[in-house]
Amino acid sequence: MDSPLYDRIVDSEDLTAQARIRDAAMRQFGELGFDKATMRGIAEEARVSQGLVRHHFGSKEALRDACDAYLARAIERINEQVKADDSQGSINYVGIAGAAFGPFRQYVVRALVEGRATQFFDTLADLSAQWMDEGDRQREDEPDTSANERATVAAAMSLSIALLHPHIGRRLGVDPFSKEGEYLLARVLLDLYSHPYLTPDEAADFKARLPKPGHGK
């Protein structure tokens, strides 16, 4: 994506050897998994020496942490741009996010499945909680669960699109990461978020019938 805004989000730190190593690591981790990826393979993919990889990152664990920190920073930058945006919706942040994370989607999916990418997930959940906190101040009813609890589940649901995209594409008839798919997904999500399944009274009724923990199976 060729835009000054995209450049600010993906970080201009980064046409360096250190950045090439990190990007190569995300590709290797994504394709092979963390355990099977090697420092040698990452060095070869980045076209640098193995010694340079160790000089910059020390260990494979530290390199993976740097990958997660990079993605977490990208999320923070997108969030900052959305908050500062006064363009009245003329900027397609769904497209920018897709361009920023698209090359590393396989890394994100595999890392999440392996129980890793903690910083990435926590950043997404923390930023979601900030938005929910703001939304809660506009609510007429008291939230039944904390903003942090809701944000954690919402982050998991949003990331599940990357994990389940083959099924989503099969059902929608379009690759969810194509331009057409991103447009359709955005419309679906906007419709879902603006038309909740349940009214507050219906939700209260279902809640009253939930079995309480410790009160039978």
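**Notes on an all-helix model**

1. Of the 217 residues in the chain, 35% are buried. Keep in mind as you read that this is a predicted model.

2. On the fold: the secondary structure amounts to twelve helices and zero strands. Going along the sequence, you get the pattern α-α-α-α-α-α-α-α-α-α-α-α.

3. Have a look at the pair H2 and H3. Helix H2 covers residues 17-32 and helix H3 covers residues 39-46; their axes come within 8 Å and cross at roughly 120 degrees. How do the two sit relative to each other? At that angle H2 and H3 are oblique, because the roughly perpendicular range stops at 115 degrees and the roughly antiparallel one starts over 145. As for the hand, H2 and H3 make a right-handed crossing.

4. Staying with H3, there is a salt bridge between Glu-44 and Arg-40, with 3.5 Å between the closest N and O atoms. The two residues are four apart in helix H3, so about one helical turn separates Glu-44 from Arg-40. Both Glu-44 and Arg-40 are exposed.

5. How many salt bridges does the structure hold? The count is eleven. Some of them join up: Asp-35, Glu-114 and Arg-116 are linked in a network of salt bridges.

6. Two further pairs are worth a click. Asp-141 meets Arg-139 in a salt bridge, at 2.9 Å from N to O. Asp-141 is partly exposed, at 37% relative accessibility, and Arg-139 is also partly exposed, at 34%. The second pair is Asp-205 and Arg-209, whose side chains form a salt bridge at 2.7 Å, N to O. Here Asp-205 counts as partly exposed at 40% relative accessibility, whereas Arg-209 counts as exposed at 56%. Why do these two get different labels? The cut-off for exposed is over 50%, so Arg-209 with its 56% passes and Asp-205 with its 40% does not.

7. Last, the surface. Val-188, Leu-192, Tyr-193, Tyr-197, Leu-198 and Phe-206 make a nonpolar surface patch of about 700 Å². Which helix gives the most to the nonpolar patch? That is helix H11, residues 179-194, with three residues. Val-188 has its place in H11, and its relative accessible area of 35% makes Val-188 partly exposed. Membership of a patch asks for over 30% relative accessible area, so Val-188 meets that requirement with its 35%.

Notes. Residues are numbered from 1 along each chain as its sequence is written. This is a predicted model: local features need pLDDT of at least 70, side-chain atom pairs count only at pLDDT 80 or more; totals for chains, interfaces and linings use all residues. Side-chain values use heavy atoms; hydrogens and water are left out. Patches are made of residues with over 30% relative accessible area and no salt bridge: like charges are joined within 9 Å, nonpolar side chains (Val, Leu, Ile, Met, Phe, Trp, Tyr) within 5 Å. Accessible areas come from the Shrake-Rupley method with a 1.4 Å probe; for residues, only the protein chains shown count as cover. A salt bridge is a side-chain nitrogen of Lys or Arg within 4 Å of a carboxyl oxygen of Asp or Glu. Buried means under 20% relative accessible area, exposed over 50%, partly exposed in between (1.4 Å probe, protein chains only). Axes are lines fitted to C-alpha atoms, for helices over the stretch in contact, and angles run from 0 to 180 degrees between N-to-C directions. Angles under 35 degrees count as roughly parallel, over 145 as roughly antiparallel, 65 to 115 as roughly perpendicular and the rest as oblique. A crossing is left-handed if the near helix is turned anticlockwise from the far one by less than a right angle, and right-handed if clockwise.
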